[in-house]
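Trainee: I would like to take a close look at a single part of this chain. Could you choose one sheet, lead me through it strand by strand, and then show me how it sits among the rest?

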Amino acid sequence: MESATASEAAAQRGSHGGAPAGEAASFEVRRPADGSLIRDVDVDSPERVAEVVARARAAQPEWEAIGLSGRRRWLDRLRDWMIGNHDRLADVMQEETGKVRAEAELEAPFLCGTINYYVEHAGEFLAEETPTPHILPLKVKRLRIVYRPYPVVGVISPWNFPLILAFDDAIPALVAGCAVVIKPSEFTPLSTMEVVRAWKEEIGGPEVLDVVNGAGETGGALVDEVDFVQFTGSDRTGKVVMKRAADTLTPVSLELGGKDPLIVLRDADLERAVNATATGALANTGQICMAIERVYVEEPIYDEFVDRLTERVRKLRQGTDGRSFGADLGAMTTPAQAEIVADHVEDARHRGARVLTGGKRKEGPGDWYEPTVIADVDHSMKVMTDETFGPVIPVMKVADADEAVRMANESRYGLSASVFAGSSRQGEQIARRIEAGAVNVNDVLTTYFALGVPMGGWKESGIGFRHASYGIKKFVRPESIVSPRVKQGKGDPLWFPYTPTKRKMINRVFRFINARGLRNRLGLGPK
Ligand code: NAD
């Protein structure tokens, strides 16, 4: 049984903290660290979404027409603004997510890198192509493929990395020449609203970037209006979005949930594997789609690994650190997600797993769950099959590498994975057997930061990829243009009227082109 998404669970409970109930005109954005109100945000009705998309659509042809160099000038200004306002953006994000400072400060610099990467590589990724005609008669034609943007891209984003998961797609879409309308999570809309405000008011950018706010109704309306849907969120909502997009045959790219495995083989550097597991599972309080959610350790090193990991996790500091960098883990961003985490840990405990540290919510205001290590888990437990999306590390003993690979692949998800081995070569051999869109060898999370390789899910972790050429080519459509290279006659042998003589001649030409071997080409048959 799948867990409800944070949006659904909040909607079931009423309007508190992020999710507007029914036709509400506004919703509250709260500080997850203590539950206090930051501000109300107006809900954008379907009619208002249609207006915003229409305005973006009207501005897009000019945006496409100014070309890559013209668009690059605007995106360079956006990058410079982000660099100049880095601290302020981190303040807004820290308030609305409950992240620790080190993680709130990560997002704007990462996106500056995304801007640089795409403005510098788009010329190559979207270059016109001039394929060679595949048969002789077409040599009189010039073949071209030009890449034209979808006019308006709708970006629907989640709450765990509010800026990265909106703009890591919005940026390449803008670079490609699309207009973009973002619907951020109703739990964390403020940092996206701030960037869009700056684009309009401080940078003075064209009306090709906008934001609409609300929950499912607003998101659904955006799906109805745009030409391409870029969705990041739970697999459950992703399926709803894909069904809705089918009504208008609108293409979708879905970046969905994961249950990422980490394998530790007996020859691995144990200390590095322990440190990597703690960070890969608990960074952003475990609220990362690519977080390590299952650990498989070979039997000879299992006990030592579990002891060292527990000791490592016990030393982590959890709290509200403002600008002090004094904590490693922050709050859970939504109350509903904290409930899912508590449910998974209780289910594991009930089925016989050992909770070695953590294992409960923290007392007091806000939504907090302690960093947790659980040993002796198996695949009968939710914590090993469903997405937990919280600060929990379940560790399972396996007999050997083959069992580790089998268990890692026993999942409906396939977002990414990590392998710790004695050598890169051995790690890479295991990586090639893992069913996931990306695999780190002797490392965690790095595949996301390496923009030169695609990031996307296999199986129910998604459809489509971001980063590398994939991350921008999805926002364009190939347009084929075929034109004459030489002066043409008044007609064409393939055109009307059809006559027996013409047909005979054409058949001979086709046989000459398609057959192999001179006798066959000339229709002489076998010797
Ligand atoms: P969610 O699916 O609840 O919501 C995601 C977005 O969809 C929100 O903006 C929400 O308002 C919107 N939405 C909800 N119902 C909708 C509908 N009917 N039509 C259109 N839009 C709708 O996800 P969440 O709780 O915000 O985020 C957590 C999930 O996101 C986790 O499953 C996590 O793994 C996944 N995630 C995936 C990636 C990735 O790149 N693969 C990255 C981060 C998070």
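Mentor: What follows is a walk through one sheet, then a shorter view of its surroundings.

Keep in mind from the start that this is a predicted model. The chain as a whole comes to 20 helices and 19 strands, and its C-alpha atoms fill a box of roughly 90 × 60 × 40 Å along the principal axes. It is divided into domain 1 (83-256 + 461-485), domain 2 (260-450) and domain 3 (497-527).

The sheet I have chosen is an open one of 7 strands, and if you follow it from one edge to the other you will meet them in the order β11-β12-β13-β10-β9-β15-β16, with mixed pairing. At the edges stand β11 (354-357) and β16, and because each of them has a single partner strand, one side of each is left without a neighbour in the sheet. On average, neighbouring strands here are turned by 25° against each other, when direction is ignored.

Let us begin at the β16 edge. Strand β15, residues 416-420, pairs with β16 in the parallel sense, and 4 bridges hold the pairing; if you want one place to look, find Ala417, whose bridge partner in β16 is Val439. The path from one strand to the other includes helix α16 (residues 424-431), and β15, this helix and β16 together make a right-handed β-α-β unit.

Now consider the two faces of β16 itself, which covers residues 438-441. In a regular strand the side chains alternate between the two faces of the sheet. In β16, Ala438 and Asn440 belong to the covered face, whereas Val439 and Val441 belong to the uncovered one.

Further along the sheet, strand β10 (residues 292-298) pairs with strand β13 (residues 392-398), again in the parallel sense and over 4 bridges, and there Glu298 stands opposite Val398 of β13. Helix α15, residues 401-409, lies across both of these strands and across β9 (260-264) as well, and the helix runs at about 160° to β10.

With that picture in mind, turn to another sheet in the chain, which is also open and mixed in its pairing, and whose 6 strands follow the order β6-β5-β4-β7-β8-β18. Its edge strands are β6 (209-211) and β18 (462-463), each of which pairs on one side only. Strand β5 (residues 179-183) runs parallel to β6 and is joined to it by 3 bridges, with Val180 having Leu209 as its bridge partner in β6. Helix α2, residues 46-65, packs on this sheet, where it touches β4 (152-156), β5 and β6, and its direction makes about 155° with that of β5. Helix α9 (residues 216-225) lies across β4, β5 and β7 (228-232), and it runs at about 155° to β4.

Helices also meet one another, as α3 (residues 67-84) and α7 (residues 164-176) do, packing at an angle of about 145° with their axes 8 Å apart. Leu68, Arg71 and Leu75 of α3 meet Leu174, Val175 and Ala176 of α7, a contact with 5 nonpolar residues, no polar ones and 1 charged one.

Finally, step back to the whole chain, in which buried residues make up 54% of the 527 residues. Among contacts between residues at least 6 apart in sequence, 70% join residues at least 24 apart.

Definitions and conventions:
Residues are numbered from 1 along each chain as its sequence is written. This is a predicted model: local features need pLDDT of at least 70, side-chain atom pairs count only at pLDDT 80 or more; totals for chains, interfaces and linings use all residues. Side-chain values use heavy atoms; hydrogens and water are left out. Buried means under 20% relative accessible area, exposed over 50%, partly exposed in between (1.4 Å probe, protein chains only). Two strands pair if DSSP finds at least two bridges between them. A crossover is right-handed if, with the strands pointing away from the viewer, the path from the first strand over the helix to the second runs clockwise. Domain bounds come from an automatic or database domain assignment. Contact means heavy atoms within 4.5 Å. Axes are lines fitted to C-alpha atoms, for helices over the stretch in contact, and angles run from 0 to 180 degrees between N-to-C directions. Ala, Val, Leu, Ile, Met, Phe, Trp, Tyr, Cys and Pro count as nonpolar, Asp, Glu, Lys and Arg as charged, and the others, Gly among them, as polar.
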